[in-house]
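Here's a quick look at one chain, starting with a pocket and working outwards. Have the viewer open as you read.

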Amino acid sequence: MKKDEGMYNVIVIGAGTAGLVTAAGTAGLGGRVALIERNLMGGDCLNFGCVPSKALISSARLIQQIRESKKWGLDGQEPRFVFERVFERMRTRRAKIAPNDSQERFESLGVDVFRGEAHFISPHEIEVDGQRLPAKNFVIGTGSRAAIPKIEGIDKVPYFTNETIFDELKEKPERIIVLGGGPIGCELGQVLARLGVKVTILQRASQLLPREDSDVAEVLQRQLEREDVRIEFGAEAKTAARNGNSVRVDCLRKDGSSFQLNADALLVAAGRIPNIDKLNLDAAGVRFNKRGVIVNEYLQTSQLHIYAAGDIAGSFQFTHLADAHARVVVRNILMPLQLLRQKTETAVLPWVTYTDPEIAHVGFGEREAQKSNIAYDLFVVPLEEVDRAVVESEEIGFAKVLAAKDSDKILGVTIVGARAGDLIHEFVLAMKAGIGLGTVASTIHAYPTFAELARKVGDKYNRTRLTPRAKKVFTWLYKRARR
Ligand SMILES: Cc1cc2nc3c(=O)[nH]c(=O)nc-3n(C[C@H](O)[C@H](O)[C@H](O)COP(=O)(O)OP(=O)(O)OC[C@H]3O[C@@H](n4cnc5c(N)ncnc54)[C@H](O)[C@@H]3O)c2cc1C
């Protein structure tokens, strides 16, 4: 059948992670699938998100290590690098990954790829570039974009978002204002500071990374401040204006006081909004709100044959969740009955902020557990207690584990420190498989590894099992053995 003829099993709108995984999965199972993308194949993660940001973070980490080389017994030295070349390297790394998401690859998998902006014309048909395409099922995977806060004059000043900074920042600015102290603002703020830019982060909340417990966010705050990042908490930008070649932002603190920031560049990283406006969802009868398309636990919209996956589905915004959504959607579309369909599950959903130190999280943090009235025991192991972290001079941070009160059932884990994003997965698997801290403790971990952090948390738990009464019995047994 020709590309634009006849009925599709599935039409996927958006070739980001959610759309790509859905399209590849459906085609792999023998379905006839069309994938529509209005911009770059790969969506945010590849082009304007995870991949370029992590590539820059990698260079920035090395630059910082050279700057701090005395820590490793070397002569102190200033790193020598060309700002633009660090960005060039990021683009080269990104280009290395890009073929995985390319139109050619997807066509080779049997997916019909259309380049253009899609909108619904009915619950059973979409239009792209004047072509009407019908399908039995649709998957909306249109993702999200940077929200531009309501700041007087913002439309008259140049600013970067994640969609422009990786390709359009052509030379090193002396100073930059980063609007937003969430994961994106903190990651990019630290990168730019390490590349020698004077960074100010403007954060409306009273802490960085508001989703994390405050003791966790404070470790990052102290690190950023050590690296000369200025952070303004409880403050909002009110007006923005050009000031010669630079940008002036007038800010208001919660206590009513005001201050002014001047910089050569402005980066807006103040939240995300869903890409729904161009979809004409009303024509499809699909309900949505300001967070995205409204879905049930099977990821079906108000029109049960239309699904949504990834950022647009209105919950957490992570590539791995977009991927997990897509797998659920592929399966659910194939199932003839609702009772055979799979629910999405986010109880064990890890996430990582790739700052230095990294911050990795799964399940409950303390604040959330307290809010939900969940009784817990807390086990904290500082990285200083992990020999490998000490010999690597990487001992900033800790693991903090919440276990169900008087039990070893893991409720949530936050790890702050080098390699936290990799270390968290032992706990992720334990939570998913229902493995408790006792088993983690009795699992032999190679010495000396960062992974011993998990075993040490297990040891801490085990020590709480040694009640004074049990200890008395053991003491008696030892005494008896000495006779
Ligand atoms: C700077 C930054 C760093 C990030 N780092 C991480 C990280 O380290 N780890 C992590 O897990 N997540 C990270 N994220 C989040 C991650 O990028 C997103 O969660 C992920 O890309 C969501 O995938 P998606 O498929 O839902 O949407 P997207 O990747 O946004 O893809 C949606 C696609 O749909 C297209 N589209 C939209 N409307 C239409 C239309 N009407 N017609 C046709 N096409 C359309 C868009 O052009 C886009 O290509 C980061 C995000 C940013 C911004």
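## The second largest pocket

Helix α3 gives the largest share of the lining of the second largest pocket, seven residues. Helices and strands here are DSSP runs (H or I, at least four residues; E, at least two), numbered from the N terminus. A pocket is an open set of points on a 1 Å grid over the protein atoms alone, where a 1.4 Å probe fits, with protein on both sides within 12 Å along at least five of seven lines; lining residues have an atom within 4 Å of a point.

By class, the lining splits into nine nonpolar, seven polar and 15 charged residues. Charged means Asp, Glu, Lys and Arg; nonpolar means Ala, Val, Leu, Ile, Met, Phe, Trp, Tyr, Cys and Pro; the others, Gly among them, are polar.

## About the model

This is a predicted model: local features need pLDDT of at least 70, side-chain atom pairs count only at pLDDT 80 or more, and totals for chains, interfaces and linings use all residues. Residues are numbered from 1 along each chain as its sequence is written, and side-chain values use heavy atoms, with hydrogens and water left out.

## Helix α10

In α10, the buried residues (under 20% relative accessible area, 1.4 Å probe, protein chains only) are L321, A322, H325, A326, V328, V329, V330, N332 and I333. Their cover includes β1, α1, β6 and β18.

## The whole chain

The chain has 16 helices and 23 strands. Buried residues make up 49% of its 483 residues, and its C-alpha atoms fill a box of roughly 90 × 65 × 45 Å along the principal axes.

Conventions: Buried means under 20% relative accessible area, exposed over 50%, partly exposed in between (1.4 Å probe, protein chains only). Contact means heavy atoms within 4.5 Å.
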